[in-house]
Amino acid sequence: MTTIETAAPPRVISVRNLWKVFGLKGEQIPNSPELAALSRRELIDRTGCTAAVREVSFDVAPGEVFVVMGLSGSGKSTLVRCLTRLVEPTAGEVVFEGEDILNVDKKRLRELRRRKFSMVFQHFGLLPYRRVVDNVAYGLEIRGTGRAERIRRAMEVIELVGLDGYENSYPDQLSGGMQQRVGLARALAGDPDVLFFDEPFSALDPLIRRDMQNEVIRLHHEVGKTMVFITHDLSEALKLGDRILIMRDGKMVQCGTGDELVGAPADDYVRDFVRDVPRANVLTLRWIMRPPRPDDVLDGPELGPEVVVRDAVRAVLAAEKPVKVVKDGQLLGIVGDEEILAVVAGPEAGE
C-alpha cells in the first residue's frame with residue numbers, strides 16, 4: 001500500500017515550545033517537569049522566577065493577520081518580543097522562513113530586523129527633530145540606502161498611509177493618529193516580510209483607534225503583508241484577526257478563528273472572554289445550520305457556510321422555505337427562522 005504524503009501548509013513563522021523565564025537560573029525551569037508544572041504563583045514562591053511565556057506553540061501563514069490577545073500580565077507582549085529576540089527566549093524554537101532565529105548570530109539578527117521584519121509599538125518612537133519624510137526613511141538610512149532612493153520610497157509609503165501633504169511636518173505638529181500613521185509608514189518603508197504590532201492603538205482615542213484599525217485592514221488588503229498583532233481588546237482582535245491566540249498567565253489557552261472562539265470556547269476562561277460578543281456578528285452559518293428534516297422542502301435559496309449570520313438574516317427571514325447551506329454543490333445543512341432568531345436575540349439565546 002502506497003502512502004501519499006500531503007505537503008505541510010506554508011508558514012512564515014513556526015513557534016515550538018517557547019519559554020521565557022525571568023529570574024536567576026530560569027533556564028532550569030523548562031527542563032524540569034516538576035517546576036514546569038507549577039502555577040505562576042507557586043513558581044515565584046518556590047524559585048523566585050517568573051514564567052512570562054510557557055510552552056507556547058503556533059504557526060503563522062503567509063499573508064495572515066495573526067492576533068495574540070490576553071489581559072495585562074498574560075505574556076502577550078513578551079511573546080512578540082521573543083519572536084524578534086528583543087527579549088531572549090529561555091527555551092524553544094522560533095523558525096522564520098525555515099531559519100531558527102534563536103540560533104543565529106548578532107550580525108544575522110541585525111540583518112533580519114532591518115530587512116525581514118518591522119515593529120510598530122504603542123509609543124511611536126518618532127525622532128522629534130526630523131521631518132515626517134526623514135522619520136519614515138530612517139530604517140532605510142540605517143540600511144545604507146542612498147538618500148534619493150530612500151526619499152522616493154518614503155514618499156510612496158507616506159501616500160499609502162494617507163499622509164501625503166504632511167511629509168515636511170514634524171511629529172509634534174501631528175495628532176496621535178497621524179503620528180501612528182508615520183510609525184506604520186516607517187515600518188512599511190523597508191518592505192519587510194512580517195509586521196509586528198505591539199498594542200499600537202491602545203493609547204489612542206476610541207474614534208481614532210477605530211480609524212487606525214480600518215487603516216490596518218486597508219493596508220493589509222493593499223500590500224498583503226503577514227502581520228502579528230498584539231492586543232488586550234477582544235473587539236479589536238475579532239475585527240483584525242484571521243486567527244486569534246488567547247493567552248493567560250503565559251500559556252496558550254486557545255487558538256482559532258473568531259467564530260471558533262465564540263462558537264466553541266475551549267474553557268470557562270475563553271467562554272467568559274467572549275460572553276458579551278454579538279454572536280450574529282461573528283458566527284457563520286456553519287455554526288447554526290441543522291440537518292434537513294423529512295418534512296423540509298429543499299428548494300429554498302442557497303448560501304455558503306462561511307456567510308456571517310448577521311449578513312444572512314435578511315435572506316433567511318425573507319425566504320418562504322429554509323435556506324440551504326451549500327459548498328461545492330454539496331448540501332451541508334439548512335437554516336430557517338428559528339436558527340437565525342436564536343442567535344440574533346442575544347448572546348444567551350445563541351448558547
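User: What percentage of the 351 residues in the protein chain is buried?

Analyst: Buried residues make up 46% of them. The term buried means under 20% relative accessible area, exposed means over 50%, and partly exposed lies in between, with a 1.4 Å probe and protein chains only. The model is a predicted one, in which local features need pLDDT of at least 70 and side-chain atom pairs count only at pLDDT 80 or more, while totals for chains, interfaces and linings use all residues. Residues are numbered from 1 along each chain as its sequence is written, and side-chain values use heavy atoms, with hydrogens and water left out.

User: How many helices and strands does the protein chain have?

Analyst: The protein chain contains 15 helices and 13 strands. Both are DSSP runs numbered from the N terminus: helices are H or I runs of at least four residues, and strands are E runs of at least two. The C-alpha trace spans about 70 × 60 × 50 Å along its principal axes.

User: Why is E167 called buried?

Analyst: The relative accessibility of E167 is 18%, which is under the limit for the term, so E167 counts as buried. This residue is placed in the loop between α7 and α8 (176-189). Leaving aside neighbours within four places in sequence, E167 is in contact with R131, V132, V133, M155 and I158; contact means heavy atoms within 4.5 Å. By comparison of positions, the C-alpha atoms of E167 and Q28 are separated by 51 Å, and the two residues are 139 apart along the chain.

User: What makes E339 buried?

Analyst: E339 has a relative accessible area of 11%, which is under the limit, and therefore E339 is buried. Its place is in helix α15. Beyond the neighbours within four places in sequence, E339 is in contact with I288 and R290.

User: Why is V344 called partly exposed?

Analyst: The relative accessible area of V344 is 38%, which falls between the two limits, so V344 is partly exposed. V344 lies in helix α15 (residues 337-344).

User: Which residues form a nonpolar patch on the surface with V344?

Analyst: L317 and L341 form the patch together with V344, and the accessible area of the three comes to about 240 Å². Patches are made of residues with over 30% relative accessible area and no salt bridge; like charges are joined within 9 Å, and nonpolar side chains (Val, Leu, Ile, Met, Phe, Trp, Tyr) within 5 Å. At 38%, V344 meets the area condition, because its value is over the patch limit. Accessible areas come from the Shrake-Rupley method with a 1.4 Å probe, and for residues only the protein chains shown count as cover.

User: What makes the patch of K106, K107, R110 and R114 positive?

Analyst: These four residues form a positive surface patch, because Lys and Arg count as positive, whereas Asp and Glu count as negative, and His and the chain ends are not counted. The place of a charge is taken as NZ of Lys, CZ of Arg, CG of Asp or CD of Glu. K107 is found in helix α4 (residues 106-115). At 64% relative accessibility, K107 is over the upper limit and so counts as exposed.

User: Why is the pair R152 and E156 called a salt bridge?

Analyst: A salt bridge is a side-chain nitrogen of Lys or Arg within 4 Å of a carboxyl oxygen of Asp or Glu. The closest N and O atoms of R152 and E156 are 2.4 Å apart, so the pair satisfies the term. R152 and E156 are 4 residues apart in helix α7 (residues 147-160), which means a separation of about one helical turn. Both fall in the partly exposed range, R152 at 40% and E156 at 37%.

User: How do you know that R209 and E236 meet in a salt bridge?

Analyst: The N to O distance between their side chains is 3.1 Å, which is within the limit, so the pair counts as a salt bridge. This pair links distant parts of the chain: R209 is in helix α9 (residues 206-223) and E236 is in helix α10 (residues 234-240), 27 residues apart. Both residues are buried.

User: Is D328 buried or exposed?

Analyst: D328 has 77% relative accessibility, which is over the upper limit, so D328 counts as exposed. It lies in the loop between β12 (323-327) and β13 (330-335). Although D328 is not a glycine, its phi is positive, at about 55°.
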